[in-house]
Amino acid sequence: MLGQIIISVMLGALGQILVKIGAKNLELDFSPENLLRSLGMIIQNFPVMSGLFLYGISFLLWIKVLSKTELSYAYPFVSLGYIFIMAFSVIVFKENISFYRVLGTALVIVGVFFISRS
């Protein structure tokens, strides 16, 4: 079950990265007169739609996980998404990560480790 949890979290994080990649090319205006045009731009954006697809797969796998394990055990693993996102942000988007972000992420890892042992 742990493997399925990790895969679900990784798919969700990868979906978020794809949405970010696609969103960089969008100029959205959700005012009533521009709503349909903006939604059309989203639907035609391959990275955004790919990210949405991965979210969907992640969601389906998450439902399977929750049908077999306790929520109080599974849900803290969602925070591993922070780690995946931070790594992708540095590698893909060349973002600078502060010491405090790294420290916070390390604390998340420690917390998830203890939960996984319970």
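Helices here are DSSP runs of H or I with at least four residues, numbered from the N terminus. With that in hand, welcome to a quick tour of a predicted model. We will visit three residues: Lys94, which sits in the loop between helix 5 (80-93) and helix 6 (99-116), Ser58 in helix 3, and Leu80 in helix 5.

**Lys94, a residue in a loop**

- Look for Lys94 in the stretch that joins helix 5 (80-93) to helix 6 (99-116).
- Lys94 counts as exposed because its relative accessibility is 64%, and the cut-off for exposed is over 50%.
- The backbone of Lys94 has a positive phi of about 55 degrees, even though Lys94 is not a glycine.
- Why is that worth a second look? Most residues other than glycine have a negative phi.

**Ser58, a residue in helix 3**

- You can find Ser58 in helix 3, which covers residues 46-68.
- Ser58 has a relative accessibility of 11%, so it counts as buried; the cut-off for buried is under 20%.
- Leaving aside residues up to four places away in sequence, Ser58 touches Ser8, Leu11 and Gly12.

**Leu80, a residue in helix 5**

- Leu80 belongs to helix 5, and with a relative accessible area of 13% Leu80 is buried.
- Which residues does Leu80 touch, not counting those up to four places away in sequence? They are Ile6, Val9 and Val112.
- Leu80 and Leu107 are separated by 27 residues in sequence, while their C-alpha atoms are 11 Å apart in space.

Conventions: Residues numbered from 1 in each chain as written. Predicted model: local features only at pLDDT ≥ 70, side-chain atom pairs only at ≥ 80, totals over all residues. Heavy atoms only, no water. Helix = DSSP H or I, 4+ residues; strand = E, 2+ residues; numbered from the N terminus. Buried < 20%, exposed > 50% of the residue type's maximum accessible area, 1.4 Å probe, protein only. Contact = heavy atoms within 4.5 Å.
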